[in-house]
Amino acid sequence: MSSAPIQLIDPPALAADAAAVSDGPALDQYGRRINYLRISLTDRCNFRCFYCMPAVGMQFAPPPELLSNAELERLMPILARVGFEKIRLTGGEPTLRRDLVRLVDTIAHTPGITEVSLTTNGLRLAELAAPLAQAGLARVNISIDSLDAQRFHEITRGGDLRRVLAGIDAAEQAGLTPLKLNCVVVRGINDDEVVELARLTVAHPWQVRFIEVMPLVGVANVADDGVVPSAELIAQIERELGLEFLGWYGSDPARTYQIPGAQGQIGFISSVSNPFCSTCNRMRLTADGRLHLCLLRDDEIDLRDPLRSGASDAELEALIRHAIYVKPWGHGLPQGIRPTLRGMSQLGG
Ligand code: SAM
Ligand code: SF4
């Protein structure tokens with residue numbers, strides 16, 4: 001994938017809006033409280049899931065372009081001051097980041113941060129779950145799109161299902177719960193496994209989350225024919241196992257259901273067929289230091305260059321408040337507008 005120039009919103013205008021200079025938790029221009037930040041720690045990955053990255057030709061950011069641990073540690077109290085409370089670490093594959101445990105420790109102990117969680121492919125969790133939990137990690141989401149080892153290997157282009165299952169075990173042992181398992185459903189690839197994946201929740205207190213595949217840069221063609229609307233999955237699981245609607249909780253994008261009598265729950269994330277933009281409370285920080293304002297749009301505000309050219313904490317805070325203020329209302333998939341600049345592996349989902 002070629003690295004197109006990133007579209008940056010002009011920061012000099014930042015002091016012009018009132019939100020950029022106010023105190024207290026920041027609201028966006030639509031009055032939404034934005035308190036959840038997903039931080040991508042690397043754009044690299046030890047898998048090549050076919051709906052996330054092209055098989056070849058992916059260009060990764062050279063290490064000096066990534067925010068260093070020191071830069072992230074400097075940003076944390078500022079992010080907490082503008083109202084970010086929940087942090088999710090993602091990637092690429094966040095467990096490839098050296099010093100992940102130390103970083104979790106720092107973030108979890110930043111005053112104002114109430115929860116640090118992680119989204120991972122699980123490959124390295126068997127060794128990392130315990131130290132991460134000890135450092136203050138609260139929960140993990142683990143991606144698993146198939147229970148068939150050969151199919152899993154093909155979807156991830158090389159992944160070892162046994163190691164991921166060992167990672168799930170280790171996460172449970174370490175208390176990184178409630179455990180959520182993310183499953184991206186693609187028509188003709190793994191939609192025939194949805195009932196089996198849902199059945200995992202009968203005996204385990206997990207939330208299995210079925211995610212509609214989104215058209216991200218480099219692999220958007222997968223979504224062209226691959227989206228399976230959640231409504232179809234809900235009907236299928238209901239037919240075979242029964243399903244009760246539990247609710248749609250606040251800003252959680254998943255509509256939550258349960259098989260009668262099951263220990264766990266099932267979530268449906270319907271970004272394409274039933275967007276939840278009106279309750280969005282999140283933003284993303286890319287590994288190269290840009291605040292990415294909406295997953296499925298290109299708008300970004302750069303923090304890295306100001307960080308590296310001597311911006312004060314107050315200036316960085318104003319920039320972050322401005323970014324929150326100008327966050328777009330929602331994505332434009334229904335109007336045929338697709339993101340054009342970054343792939344999912346650069347954004348972290
Ligand atoms: N590597 C980690 C993992 O796979 O969990 C974290 C990064 S990954 C980009 C975060 C989540 O995005 C994963 O659950 C993955 O399945 C999901 N994802 C990747 N590409 C997607 C796409 N095109 N549409 C929907 N979800 C996607
Ligand atoms: Fe890697 Fe996660 Fe993307 Fe799969 S979904 S290629 S594990 S970043």
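1. A helix crossing counts as right-handed if the near helix is turned clockwise from the far one by less than a right angle, and as left-handed if the turn is anticlockwise. You'll want that for the helix pairs further down, starting with α1 and α10, whose crossing is right-handed. Bear in mind throughout that this is a predicted model.

2. Ligand 1 first. Its shell holds 19 residues, and the closest are Tyr 51, Gly 92, Glu 93, Ser 143 and Met 214. By class, the shell splits into 10 polar residues, seven nonpolar and two charged. Three strands each put in at least two shell residues: β3 (115-120), β5 (180-185) and β6 (207-212).

3. Now the polar contacts of ligand 1, which you may want to check in your viewer. Two involve the protein backbone: a polar backbone atom of Met 214 sits 2.9 Å from a nitrogen atom of the ligand, and one of Gly 92 sits 3.0 Å from a ligand nitrogen. Glu 93 uses its side chain instead, with a polar atom 3.0 Å from a nitrogen of ligand 1. As for cover, ligand 1 on its own has 540 Å² of accessible area, and the protein covers 96% of that.

4. Ligand 2 is surrounded by Cys 45, Phe 47, Arg 48, Cys 49, Cys 52, Gly 92 and Asn 121. That shell divides into four nonpolar residues, two polar and one charged. Note that Gly 92 turns up here and also among the closest residues to ligand 1.

5. Gly 92 deserves another look for its backbone. The peptide bond leading into it from Gly 91 is cis, with omega near 15 degrees. Most peptide bonds are trans. Gly 92 is part of the loop between β2 (86-90) and α2 (100-108). Asp 99 is in the loop between β2 and α2 as well, and Asp 99 has a positive phi, near 65 degrees, despite not being glycine. Most residues other than glycine have a negative phi.

6. What is the geometry of the peptide bond from Thr 177 to Pro 178? That bond is cis, with omega near 0 degrees. Pro 178 sits in the loop between α5 (161-173) and β5, and β5 is one of the strands feeding the shell of ligand 1.

7. On to helix packing. Two packed helices are described by the angle between their axes and the distance between the axes. For α1 (residues 69-81) and α10 (residues 313-325), the angle is about 55 degrees and the axes are 10 Å apart. The cut-off for roughly perpendicular starts at 65 degrees and roughly parallel needs under 35, so α1 and α10 are oblique to each other.

8. Helices α6 (residues 194-203) and α8 (residues 230-241) pack with their axes 10 Å apart, at an angle of about 65 degrees. They therefore count as roughly perpendicular to each other. α6 passes α8 with a right-handed crossing.

9. Last pair: how do α3 and α5 lie, roughly parallel or roughly antiparallel? The axes of α3 (residues 125-135) and α5 come within 8 Å and cross at roughly 15 degrees, which makes the two roughly parallel. The crossing of α3 past α5 is right-handed.

Terms used. Residues numbered from 1 in each chain as written. Chains lettered and ligands numbered in written order. Predicted model: local features only at pLDDT ≥ 70, side-chain atom pairs only at ≥ 80, totals over all residues. Heavy atoms only, no water. Near = heavy atom within 4 Å. Polar contact = N/O pair within 3.5 Å; in protein donor to acceptor, adjacent residues only side chain to side chain. Areas by Shrake-Rupley, 256 points an atom, 1.4 Å probe, with all protein chains shown as cover. Helix = DSSP H or I, 4+ residues; strand = E, 2+ residues; numbered from the N terminus. Nonpolar A, V, L, I, M, F, W, Y, C, P; charged D, E, K, R; others polar. Axes fitted to C-alpha atoms, helices over the stretch in contact; angles between N-to-C directions. Parallel < 35°, antiparallel > 145°, perpendicular 65-115°, else oblique.
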